[in-house]
Amino acid sequence: VAGCYGGSAVILRTGTITSDCNVFWDNPDGDVENFPMGPNDRIVDPLFCDPEANDFTLQVGSPCLPPNSEGCGQIGALGQGCGVIAVELDSWGAVKERYRIED
């Protein structure tokens with residue numbers, strides 16, 4: 001749970017809640033309210049690949065990935081990302097030539 005503004009990230013208004021295996025980060029108004037964090041809840045940088053570009057996949061070493069999640073498995077919807085993209089250098093003319101329709 002990251003980047004929540006205008007109040008705590010998670011607020012319990014009524015009832016009970018059991019919290020466990022969550023990663024909280026960058027919640028300036030608080031992480032939880034009206035309930036205790038669980039034993040495997042942590043306040044730690046999730047190591048998103050590029051949050052400014054809305055890439056919320058995870059860097060190697062993220063506390064949300066199974067090897068580092070303290071037995072919680074994958075935490076969150078997206079797994080490891082930040083891969084290298086191979087791009088072949090070519091001229092504009094060569095690219096256009098590949099798409100020319102031959103009669």
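**A walk from the pocket to the salt bridge**

Let's start with what lines the largest pocket: its residues divide into 11 nonpolar, two polar and no charged. Keep in mind as you look around that this is a predicted model. The lining is made up of 13 residues, and the space in this pocket comes to about 230 Å³. If you want to find the pocket on screen, pick out Val1, Phe48, Cys64, Ile75 and Gly76, the lining residues that lie nearest its centre.

Now for the salt bridge. How many salt bridges does the count come to? Just one. The partners are Arg42 and Glu70, and their closest N and O atoms sit 3.5 Å apart. That falls inside the cut-off, which asks for a Lys or Arg side-chain nitrogen within 4 Å of an Asp or Glu carboxyl oxygen, so the pair counts as a salt bridge. The two residues come from distant parts of the chain, 28 residues apart: Arg42 belongs to strand β4, while Glu70 is in the loop between β6 and α1.

Are the two partners buried or exposed? Arg42 has a relative accessibility of 17%, so Arg42 counts as buried, because the cut-off for buried is under 20%. Glu70, at 47%, counts as partly exposed, since partly exposed covers the range between that cut-off and the one for exposed, over 50%.

Stay with Glu70 for a moment, and look at its backbone. Glu70 is not a glycine, yet its phi is positive, at about 55 degrees. In the chain, its loop runs between β6 (55–58) and α1 (92–98). Asp26 also has a positive phi of about 55 degrees without being a glycine. You'll find Asp26 in the loop that connects β2 (23–24) to β3 (32–33). With a relative accessibility of 43%, Asp26 counts as partly exposed.

Last stop: the surface. Which residues make the nonpolar surface patch? Trp25, Met37 and Ile43 do, and together they give a patch of about 270 Å². Take a closer look at Ile43, which is in strand β4 (residues 42–43). Its relative accessibility is 52%, so Ile43 counts as exposed, because exposed means over 50%. Strand β4 therefore brings two parts of this tour together: Arg42 is the buried residue of the salt bridge with Glu70, and Ile43 is the exposed residue that helps make the nonpolar patch with Trp25 and Met37.

How values were computed: Residues are numbered from 1 along each chain as its sequence is written. This is a predicted model: local features need pLDDT of at least 70, side-chain atom pairs count only at pLDDT 80 or more; totals for chains, interfaces and linings use all residues. Side-chain values use heavy atoms; hydrogens and water are left out. Patches are made of residues with over 30% relative accessible area and no salt bridge: like charges are joined within 9 Å, nonpolar side chains (Val, Leu, Ile, Met, Phe, Trp, Tyr) within 5 Å. Accessible areas come from the Shrake-Rupley method with a 1.4 Å probe; for residues, only the protein chains shown count as cover. Helices (H or I, at least four residues) and strands (E, at least two) are DSSP runs, numbered from the N terminus. Buried means under 20% relative accessible area, exposed over 50%, partly exposed in between (1.4 Å probe, protein chains only). On a 1 Å grid over the protein atoms alone, a cavity is a set of points where a 1.4 Å probe fits but cannot get out, and a pocket is an open set with protein on both sides within 12 Å along at least five of seven lines; lining residues have an atom within 4 Å of a point. Grid points are joined across faces, edges and corners, and a volume is the space filled by probe spheres set on the points. Ala, Val, Leu, Ile, Met, Phe, Trp, Tyr, Cys and Pro count as nonpolar, Asp, Glu, Lys and Arg as charged, and the others, Gly among them, as polar.
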